[in-house]
Amino acid sequence: MLSITLEELDAVRDANARAEFAGLGDRARTLEAETNALELEIEDACLQAFASGLEPGELEFHLLVFRSLTNLERVGDYAFKVAQDLESLAPRARSATLQDVLPLVTLLKEMVETLAFAFAERDVKAAREVMKLDFEQVDALYEQMQRASLTRLMERPEDNEVALTAGRMARNLERLGDHLVNIAERLERLVMGHSHTHRLLNSH
């Protein structure tokens with residue numbers, strides 16, 4: 001599911017870089033449908049694993065995946081909404097408004113890639129890097145986009161729909177990052193809990 005989110009963010013970034021937005025919403029809709037189908041597939045796989053019995057370590061990891069499915073699905077939803085808004089906004093917006101989106105999309109793409117690595121390797125350092133990127137950079141860029149939208153709204157009130165759409169895109173991107181952080185926090189707790197248990201066992 002994270003790889004599909006990467007495709008969605010890549011599609012947004014590439015469309016923005018090329019200034020060619022036609023078909024972006026349809027592409028994102030296709031990827032969103034793949035996300036929803038994969039969510040059901042992973043949910044079924046987790047339920048089957050629970051029913052068959054798992055070793056304690058694997059049980060906790062499957063529970064982590066199961067509990068994170070909603071977050072992953074919401075990540076896809078927000079990426080889809082941004083793609084739709086960007087396609088509708090592009091013909092009416094100045095290039096400066098569109099370029100505000102690019103740094104945040106690029107940063108979120110880095111967060112998704114780092115989280116995918118953290119998941120695959122059960123790497124606490126990578127999970128914490130996801131949290132750090134959100135806290136130190138995503139939130140700041142979000143505030144910057146919101147201020148830019150308000151400034152444009154005051155300077156050109158006739159462009160209120162453009163400003164409001166840009167603000168909505170900023171909120172959706174910020175929320176996307178929040179869901180990635182939720183997953184990273186769960187992974188950190190899982191790995192650190194295992195590490196603590198391992199140390200206790202080895203001390204006896």
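**Exercises on salt bridges in a helical chain**

The side chains of R74 and D77 form a salt bridge, with N and O 2.6 Å apart; here a salt bridge is a side-chain nitrogen of Lys or Arg within 4 Å of a carboxyl oxygen of Asp or Glu. The model is predicted: local features need pLDDT of at least 70, side-chain atom pairs count only at pLDDT 80 or more, and totals for chains, interfaces and linings use all residues. Residues are numbered from 1 along each chain as its sequence is written, and side-chain values use heavy atoms, without hydrogens and water.

**Exercise 1.** Determine how R74 and D77 are placed in helix α3, and state the burial class of each.

*Solution.* Step one: the two residues are three apart in helix α3 (residues 56-89), about one helical turn; helices are DSSP runs of H or I with at least four residues, numbered from the N terminus. Step two: R74 is partly exposed at 24% relative accessibility, while D77 is buried at 12%. Buried means under 20% relative accessible area, exposed over 50%, and partly exposed in between (1.4 Å probe, protein chains only).

**Exercise 2.** Identify the salt-bridge network that contains K109 and E113, and describe two of its pairs.

*Solution.* Step one: the network links D10, R13, D14, K109 and E113. Step two: K109 and E113 have their closest N and O atoms 2.7 Å apart, and they lie four residues apart in helix α5 (residues 101-121). K109 is buried at 13%, whereas E113 is partly exposed at 38%. Step three: D14 and R13 meet at 4.0 Å, N to O; D14 is partly exposed at 35%, as is R13 at 27%.
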